Amino acid sequence: MGLGKSVVIEKQRMNGDLRMGKKRKQHRAMASRHIVLLSCFVFLAAQHGIQAVEYEVTNNAGSSAGGVRFTNEIGIPYSRQTLVSATDFIWGVFQQNTPEERKTVQKVSLIIENMDGVAYASNNEIHVNANYIGSYSGDVKTEFTGVLYHEMTHIWQWNGNGQTPGGLIEGIADYVRLKANYAPSHWVQPGQGNRWDQGYDVTARFLDYCNSLRNGFVAELNKKMRSGYSADFFVELLGKTVDQLWTDYKAKYGN
Ligand SMILES: [Zn+2]
């Protein structure tokens, strides 16, 4: 019965619409639809405006062997796409789900140039040595990707306001590379190395062990390093000193 009544009301409404003039009604509907779409767009743009990161890739190595190999085997579009994927991956590892939890970075630039070493990150710029690309023996695209995951971690990680030991900074960057499955075969195996803060692969393997004791350990350690650094962070998160953890780690692998 209620159903019949609502049908009648609907009919009356339709008739009313017809009386008001179909054209005017259509325009009004379209206009309101535009307003809805526009406000959705403004809302999304505002939301993205806060967190949008710009990426720029420049090949300054020109016609040098490395510059040419970069263009032929890697390329600017792939590099750009890798910067985006690495960023998403790093925010995931660090469990930073909102812009407030992340470092504020407007733009990341990647520069391919002939220089010394392999790569470095500074002032939101990543520099990769074209000579290294040119002379690398093997799958240079995979190696380059791993290097970008490492360097991109330096862009996004907290450094305890400059107090975090360098070995731990480098260890976290290689930990991310390890978790992204870009660890090269020449890295040390788990349990190897002399000191927990030796850096790079040695510290990355150790952090992987620590993270196995407490899932999310590396993310929590990074969060703690937003404003400073203390070796007590290991005690607070795992209940043991970092030296004790290193001893346990070495013992686990018979070292
Ligand atoms: Zn590094």
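Helix α7 has these buried residues: Gly167, Leu168, Ile169, Glu170, Gly171, Ile172, Ala173, Asp174, Tyr175, Val176, Arg177 and Leu178. The model described here is predicted. One of the residues just listed, Glu170, also coordinates a zinc ion together with His150 and His154. The points below take up the zinc site, then helix α6, then helix α7 and its packing against helix α4.

**The zinc site**

- The zinc ion is held by atom NE2 of His150, atom NE2 of His154 and an OE atom of Glu170, at 2.0 to 2.1 Å.
- Along the sequence, these donor residues follow the spacing H-x3-H-x15-E.
- Both histidines lie in helix α6, which covers residues 140-156, and because they are four residues apart there, about one helical turn separates His150 from His154.
- His150 has a relative accessibility of 6% and therefore counts as buried.
- His154, with a relative accessible area of 17%, is buried as well, since the cut-off for a buried residue is under 20%.
- The third donor residue, Glu170, is among the buried residues of α7.

**Helix α6**

- With 17 residues at 1.5 Å a residue, α6 should span 24 Å, and this agrees with its end C-alpha atoms, which are 24 Å apart.
- Most of this helix is covered, as 15 of the 17 residues of α6 are buried.
- Where α6 starts, Asp139 places a side-chain oxygen within 3.3 Å of the backbone nitrogen of Lys141.

**Helix α7**

- Helix α7 runs over residues 166-179; its 14 residues, at 1.5 Å each, should span 20 Å, and the end C-alpha atoms are indeed 20 Å apart.
- Of these 14 residues, 12 are buried, and α7 is thus mostly covered.
- The cover over the buried residues of α7 includes helices α4 (76-93), α6, α8 (200-213) and α9 (217-224).
- Asn181, just after α7, adopts a positive phi of about 70°.

**Packing of α4 against α7**

- Two packed helices are described by the angle between their axes and by the distance between those axes.
- For α4 and α7, the angle is about 105° and the axes are 11 Å apart.
- The two helices, α4 and α7, are therefore roughly perpendicular to each other, because angles of 65 to 115 degrees count as such.
- In this pairing, Phe89, Ile90 and Val93 of α4 meet Tyr175, Val176 and Lys179 of α7.
- Among these α7 residues, Tyr175 and Val176 are buried.

Conventions:
Residues numbered from 1 in each chain as written. Predicted model: local features only at pLDDT ≥ 70, side-chain atom pairs only at ≥ 80, totals over all residues. Heavy atoms only, no water. Donors = N, O, S within 2.8 Å, 3.2 Å for Na, K, Ca; no water. Buried < 20%, exposed > 50% of the residue type's maximum accessible area, 1.4 Å probe, protein only. Expected span 1.5 Å × (residues − 1). Polar contact = N/O pair within 3.5 Å; in protein donor to acceptor, adjacent residues only side chain to side chain. Contact = heavy atoms within 4.5 Å. Axes fitted to C-alpha atoms, helices over the stretch in contact; angles between N-to-C directions. Parallel < 35°, antiparallel > 145°, perpendicular 65-115°, else oblique.
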